Amino acid sequence: MSAMLQLPLVVTAQVDLVLVLVSLLALWTRLSRLSYPNAVVFDEVYYGQFVSFYMKRVFFIDDNGPPLGHMILALGAYLGGFDGNFVWNRIRAEYPSSVSVWSLRVLPSLCGALCVPLVYLLTLELRFSHLSALGAAVLLLLENSLIVQSRFMLLESVLIFLVLLAFFSYLRFHNAPTSSWFRYIWLLLSGVSCAAAVGVKYMGLFSYLLLLGVAFLHAWNLIGDQFVSHVMYSVLVVVCLLVVPVLLYVFWFYLHLSLLNRSGPHDQLMSSAFQASLQGGLSRITQGQPLEVAYGSQVTLRSSASQLIPCWLHSHKENYPVRYENGRGSSHQQQVTCYPFKDVNNWWIIKHPGRQELVVDTPPRPVRHGDVIQLVHAMTSRFLNSHDVAAPMSPHAQEVSGYVDFNVSMPAQNLWKVDISNREAESEVWKTILSEVRLVHVNTSAVLKLSGVSLPDWGFRQLEVVAEKLFKAHGSSLGWNVEEHRYGTSQEPKEREAELHCPTHIDVDRKISFWAKFLELQWKMLTVKQEESEHKYSSAPLEWITMETNIAYWLHATTNAQIHLIGNPVSWGVANLSLLAYQLLAAVYMLRRRRGFKDLPDAVWDQFVCLGCVCVGGWLVNFVPFLLMEKTLFLYHYLPALCYLYLLSPCDTPPCAVCVCVSAVLLSVFLSYRTFCPLTYGSPELSANQLRELRWRDTWDILDRRH
């Protein structure tokens, strides 16, 4: 034993002091005085409401991105003891003393700070010098816009950190010796980072696809390498970069839906089944409803059409006008519409065509797929009807009405076939909430659908319901599902009207699976877009490159203290020049190599190509998509793309001019950073003249109050 332990025990470690220094400076620039200002700043209004929802476990949808980013912000708030009781209704609203502003902002700020050492390490993994790595880190460190975006409860810094971590981990894996199994830990970390980046913002998907492309090229180049087990390598790459990210992406939503189990303001965007799975809201109405729809059931039928406002099949005593505004005639029968509010006129009774009773038998006789039924309006006793009369607003479709016998040779056509599109193989029974039903008109084979067109004043601006041939109709507007349901027991109209307010409760355990909720939520996030209005500080992508725009994040109520999202003009220019220089060099090198001249050795050429794939490719995939988007865009959308150019900039510098050029450029970057610091941190307060001197471009909106 004594021979094995020899004293003293010595541990030798190598510490990159430059890396430590830039890390400490990054923490200082991002985390110092983090609680200032003690007020809501720009998009904290937007993200803050979601944080409050998490604290109260209230369901919501953000159509701008997946839930992981919101959960990260909510984690910071939770650690700071935030209870969600703050109204995020306006910029500059003061945070009360009970809210820990530091904890709300610390996680994005920490991610923003860690981006600086990550860029340093990533440059080294691209096989460039420590001096180039230092240059890239300093450009990121002194970028005013990145500092501003990191210091508040916003998500760009989190996204940038995760994307950089994904590329660093992958390159660390790629550069490691092939004999080392430990390198696959880096590959796994890369996949986890990709999943997290996509889980924070959908823009992370483009960087993820770029990384997959780089990995594919590397895998292709390994073909023929006898020292690599191709099967094992391929399997591990697929598992780490494809399977793990997909599973984790689903897991983010599992956490999201597990946490948010209470009814909230966005419930109406979801299906009845989804709403009924949440505590409160619709579940309070539907809890204990009969599961199987039977003859005699009293139901409300909600349209499954994909739209922001839900609506229910509705009728009332008013008839269609004899003639419409264009002179075209109608049946003058009772109006049938789709009404976007809960109302007693939304109730219908499922009737068997061969029986007169409007009550449920004992035992109930369920309605099945393929059955022919009649629908009786509960309040007026009119039958749901359609016929060969043009609809009021959609003349290519048939009118739907409550049948009135005017004795004018227009017989009733009130039979409807039940078509359950999502029926289970073992059961074809029409089920409350769960079944998606199409009602096919027996006489004409037209399908009951919501046209989506608003009726004129005579129809009280309610939505038009028509019957349309199946080959013409769109699938999204054909479905209906039973939302509220009770077993009717009263035959007389007056007794039935009173019964509508006293539902029968039969305890039924009705749950929707996680996968059904996950798929529905995915579809809603991708297809349902909130209405966007033009914003004062919105901008076009081409304006970002030349920094023609800025955003006023915060302005003190009485002084000139203010915070703006403005980039560092010098480093911004360096980034643009480096992009242009790389493209010119790449064009020249490729033309010369085409002619047989190799200005760069093969190893250096591979390094140059890898730099372009990661940096230029990263800029392209994070910038070009915005040129195709029809949504309100802001300057901060450009920051992920900009970070790739900061990686590229020092690596583009010719070796013969490294010391002189890097020193001069970094000094200019620092001076520019210092100049705009008052607008980055909101202090010290500047005079009106000083603020005007900082308006380097006429398009910048820098505010001043003259004293």
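**Cysteines, cores and ring pairs in the predicted model**

Cys610 is buried, its relative accessible area being 18%, a value that falls under the 20% cut-off for burial. Cys610 belongs to a model that is predicted, and the values below are best read with that in mind.

The cysteines offer a convenient place to start. How many disulfides does the structure hold? The count is one, and this disulfide joins Cys311 to Cys338, with an S to S distance of 2.2 Å. The link of Cys311 and Cys338 is right-handed, with 85° about the S-S bond. Distant parts of the chain are brought together by this pair: Cys311 sits in the loop between β1 (297–303) and β2 (312–319), whereas Cys338 belongs to strand β3 (residues 334–339), and 27 residues separate the two. Cys311 counts as buried because its relative accessibility is 1%. Cys338 is likewise buried, at 0%.

Why does Cys240 form no bond with Cys194? The sulfur of Cys194 is the closest cysteine sulfur to that of Cys240, yet it lies 11 Å away, which is too far for a bond. Cys240 is also buried, since its relative accessibility is 7%. Cys610, with which this passage opened, is in no disulfide either: the nearest cysteine sulfur belongs to Cys613 and is 6.5 Å away.

The surroundings of the disulfide can be followed from strand β1, where Ser303 is found. Ser303 touches Cys311 and Cys338, and also Leu450, Gly479 and Trp480, when residues up to four places away in sequence are not counted. With a relative accessible area of 5%, Ser303 is buried. The C-alpha atoms of Ser303 and Val437 are 9.7 Å apart in space, although the two positions lie 134 residues apart in sequence numbering. According to UniProt, in an unreviewed entry, the feature "domain: MIR" is placed at residues 290–353 and 364–421. In the span of residues 364–421, the end C-alpha atoms are 23 Å apart, and the secondary structure amounts to 40% strand and 0% helix.

Attention now turns to nonpolar packing. In soluble globular proteins, nonpolar side chains tend to be buried together. The largest nonpolar core here has 160 residues, and the members that touch the most others are Phe59, Tyr170, Ile551, Tyr553 and Tyr638. Helix α7 (residues 156–175) supplies the largest share of this core, namely 14 residues. Another core lies apart from it and has 34 residues, including Leu384, Trp416, Val437 and Leu463. Back in the largest core, Ile551 illustrates the packing well: not counting residues up to four places away in sequence, Ile551 is in contact with Phe42, Tyr537, Ile563, His564, Leu565, Phe634, Leu635 and Tyr636.

Helix α7 is also the place of Ser169. Ser169 counts as buried because its relative accessible area is 0%. Outside the four places on either side in sequence, Ser169 touches Trp186, Leu189 and Ser190.

Helix α2 (residues 44–56) allows a simple geometric check. At 1.5 Å a residue, its 13 residues should span 18 Å, and the end C-alpha atoms are indeed 18 Å apart, so the two values agree. Which residues of α2 are buried? They are Glu44, Tyr47, Gly48, Phe50, Val51, Ser52, Phe53, Tyr54 and Met55. Arg57 follows α2 and has a positive phi, near 60°. Ring pairs link Tyr46, Tyr47, Phe50, Phe53, Tyr54 and Phe60 into a cluster.

Across the whole structure, a search finds 45 aromatic pairs. One of these is edge-to-face and is formed by Tyr339 and Phe341, with 5.5 Å centre to centre and 65° between the planes. Phe341 counts as exposed because its relative accessibility is 51%. Tyr589 and Phe608 form an aromatic pair that is edge-to-face as well, at 5.4 Å centre to centre and 80° between the planes. This pair links distant parts of the chain, with Tyr589 in helix α16 (residues 569–594) and Phe608 in helix α17 (residues 602–627), 19 residues apart. Are the two rings' residues buried or exposed? Tyr589 counts as buried, at 18% relative accessibility, and Phe608 is buried too, with a relative accessible area of 10%.

Definitions and conventions
Residues numbered from 1 in each chain as written. Predicted model: local features only at pLDDT ≥ 70, side-chain atom pairs only at ≥ 80, totals over all residues. Heavy atoms only, no water. Core = buried A, V, L, I, M, F, W, Y, C linked by side-chain atoms within 4.5 Å. Buried < 20%, exposed > 50% of the residue type's maximum accessible area, 1.4 Å probe, protein only. Helix = DSSP H or I, 4+ residues; strand = E, 2+ residues; numbered from the N terminus. Contact = heavy atoms within 4.5 Å. UniProt positions renumbered as here; feature names shortened; annotations may be inferred. Disulfide = S-S within 2.5 Å. Expected span 1.5 Å × (residues − 1). Phe/Tyr/Trp six-rings, centres within 6.5 Å; stacked < 30°, edge-to-face > 60°.
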